[in-house]
Amino acid sequence: MDEQQLLALKPELDRFLDRFAPLFGRDENQAHARRFIQGLLHGGERRNAENIAQAMSGGPVRSLQAFISTGAWSDGPILKAMRGAVLEALADEDAVWNADETGFPKKGTKSVGVKRQYSGTLGRTDNCQVAVFANDCSATGHTFLDRRLFLPEEWAADGERREEAGVPAGVIFRTKPELALAMAADAVAEGVPFRWAGGDGVYGDSPTFVQGVRQLGKWYVLDSSADARVWTTEPRVIPPEDRPKPRRGRPGPRPVVVGEARRVDEVVAALPAKAWCRLTVAEGSQGPRVYEYAELWVWFSEEGLPGPRELLLVRRSLGQEPELKYHRSNAPAEVPLLKLAQVRATRWTIEEDIQSAKGECGLDEYETRGWVGWHHHTTLSLLAAVGVLGLVGLGL
């Protein structure tokens with residue numbers, strides 16, 4: 001955003017930020033918050049505290065750096081208030097809550113949570129931090145709701161590194177699906193209205209996540225890997241107490257499933273041509289987005305045991321070399337296939353939100369290493385992203 005655009009937007013941006021200002025505490029913190037968010041939107045070569053202080057005539061650089069890295073203000077209440085503002089414009093009982101992770105490349109070993117790990121954003125294993133984000137997508141629009149920093153196991157177990165990075169004592173190792181589920185549960189607890197949950201195979205292949213979403217009373221359309229296992233007829237499960245007694249030792253503690261589950265791609269390869277139908281799932285920037293879809297009822301293997309009956313959905317692209325994508329959904333039988341395909345099509349919105357926040361709001365341009373600094377910077381970046389969305393399109 002150039003100087004003229006930011007200047008034109010400033011009166012509305014100030015009114016938007018007025019509702020959050022008291023949550024930052026003392027007047028100096030409130031002024032820093034406004035200045036920092038304006039600096040994130042202003043752009044520039046690098047949107048760190050030093051450059052923002054210079055660009056926004058922000059006073060002593062160290063004061064702004066301290067506000068980000070060690071400031072005595074909590075990100076939780078601000079994000080909760082942000083969700084309230086979002087819902088004033090986006091609230092929809094049929095909304096889709098989407099989860100996705102992104103990587104932040106880093107050098108060295110000091111940044112909290114950093115390690116050599118795979119990042120889909122980078123498309124490779126690299127030295128980076130990874131965080132899970134959640135958004136809300138309704139008929140009105142889409143934007144962020146929440147985020148969680150992924151803390152790898154070796155970090156969670158290393159007291160010295162934790163202390164140096166300021167990781168709170170109550171933070172334990174959580175997988176990415178567990179982090180996503182915690183955000184979904186928090187959204188439900190706060191009364192955020194949504195019917196659907198969406199995510200890629202990281203979440204669709206996680207029994208913890210799918211079972212948790214079902215317990216929250218939500219429907220999902222989640223990606224599944226090609227090698228996920230399913231039964232196409234309901235398998236018989238023999239409980240431990242009914243298992244034949246072995247000649248030696250005691251019976252195993254787990255139930256036994258009669259019949260082998262098959263790979264998803266093997267099941268799909270056997271579908272007849274008449275199983276496929278062509279659907280227009282959305283209007284894209286280059287015209288309608290059209291795919292071929294098939295569906296069948298299956299029982300997904302969840303840690304070796306069959307889950308409840310649900311739909312295996314298959315999306316096939318058009319063209320000479322079609323690409324297959326696999327999804328799973330626990331929606332009731334009366335929900336049309338087109339609706340399920342449309343829900344899946346909202347996954348691009350969180351990818352776009354993350355990309356936009358990095359490009360327009362400096363989400364990845366922090367230079368702080370600690371737990372508090374990361375959470376402070378990303379909170380202000382998300383607030384900038386939501387503010388611009390609201391001011392430009394939603395009338396917050």
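Is G373 buried or exposed? In this predicted model, G373 has a relative accessible area of 0% and is therefore buried. The residue belongs to helix 14. Leaving out residues up to four places away in sequence, G373 touches I68, S69 and T368. The separation along the chain between G373 and L151 is 222 residues, and their C-alpha atoms lie 15 Å apart in space.

Helix 14, which spans residues 371-394, also supplies the largest share of the largest nonpolar core, namely nine residues. That core has 78 residues, of which F24, W97, F133, L380 and L383 touch the most other members. Another core, of 16 residues, lies apart from it and includes Y293, L340, A341 and V343. As a general background, nonpolar side chains in soluble globular proteins tend to be buried together.

The packing of two helices was examined next. Two packed helices are described by the angle between their axes and the distance between the axes. For helix 2 (residues 27-42) and helix 4 (residues 61-69), the axes come within 10 Å and cross at roughly 90 degrees. The two helices are therefore roughly perpendicular to each other. On the side of helix 2, the contact is made by E28, N29, H32, A33 and F36, and these meet S63, L64, F67 and I68 in helix 4. Sorted by class, the residues of this contact are five nonpolar, three polar and one charged. I68, which takes part in the contact with helix 2, is also one of the residues touched by G373. In general, an α-helix has 3.6 residues a turn, so residues three or four places apart point the same way.

Burial is also found in helix 10 (residues 207-215), where P207, F209, V210, G212 and V213 are buried. Helix 10 is followed by G217, which has a positive phi, near 80 degrees. A positive phi also occurs at E303, a residue other than glycine, with a value near 60 degrees. E303 is placed in the loop between strand 12 (287-302) and strand 13 (305-316). With a relative accessibility of 60%, E303 counts as exposed because the cut-off for exposure is over 50%.

Strand 13 itself contains L312. The relative accessibility of L312 is 0%, so this residue counts as buried. When its neighbours within four places in sequence are left aside, L312 is in contact with V264, V268, A294, E295, L296, V298, F300 and H327. Its C-alpha atom and that of L222 are separated by 9.9 Å, although the two residues are 90 apart along the chain.

Two further loop residues were considered. K106 is located in the loop between strand 1 (96-105) and strand 2 (115-119). A relative accessibility of 15% places K106 among the buried residues, because buried means under 20%. Residues up to four places away in sequence not being counted, K106 touches S111, V114, N127, C128, Q129 and Y366. One of these contacts, N127, is 21 residues from K106 in sequence, and the C-alpha atoms of the pair are 5.9 Å apart. The other loop residue, T175, is in the loop between helix 7 (159-165) and helix 8 (176-189). T175 has a relative accessibility of 29% and therefore counts as partly exposed. The C-alpha atoms of T175 and R236 are separated by 31 Å, with the two positions 61 residues apart along the chain counted as their separation.

The cysteines were examined last. A disulfide is a covalent bond between the sulfur atoms of two cysteines. The structure holds zero disulfides. C128, one of the residues touched by K106, has a relative accessibility of 0% and so counts as buried. C361 is in no disulfide, and the nearest cysteine sulfur to its own, that of C137, is 18 Å away. The relative accessible area of C361 is 3%, so C361 is buried.

Terms used. Residues are numbered from 1 along each chain as its sequence is written. This is a predicted model: local features need pLDDT of at least 70, side-chain atom pairs count only at pLDDT 80 or more; totals for chains, interfaces and linings use all residues. Side-chain values use heavy atoms; hydrogens and water are left out. Axes are lines fitted to C-alpha atoms, for helices over the stretch in contact, and angles run from 0 to 180 degrees between N-to-C directions. Helices (H or I, at least four residues) and strands (E, at least two) are DSSP runs, numbered from the N terminus. Angles under 35 degrees count as roughly parallel, over 145 as roughly antiparallel, 65 to 115 as roughly perpendicular and the rest as oblique. Contact means heavy atoms within 4.5 Å. Ala, Val, Leu, Ile, Met, Phe, Trp, Tyr, Cys and Pro count as nonpolar, Asp, Glu, Lys and Arg as charged, and the others, Gly among them, as polar. A nonpolar core is a set of buried Ala, Val, Leu, Ile, Met, Phe, Trp, Tyr and Cys residues joined through side-chain atoms within 4.5 Å. Buried means under 20% relative accessible area, exposed over 50%, partly exposed in between (1.4 Å probe, protein chains only). A disulfide is a pair of cysteine sulfur atoms within 2.5 Å.
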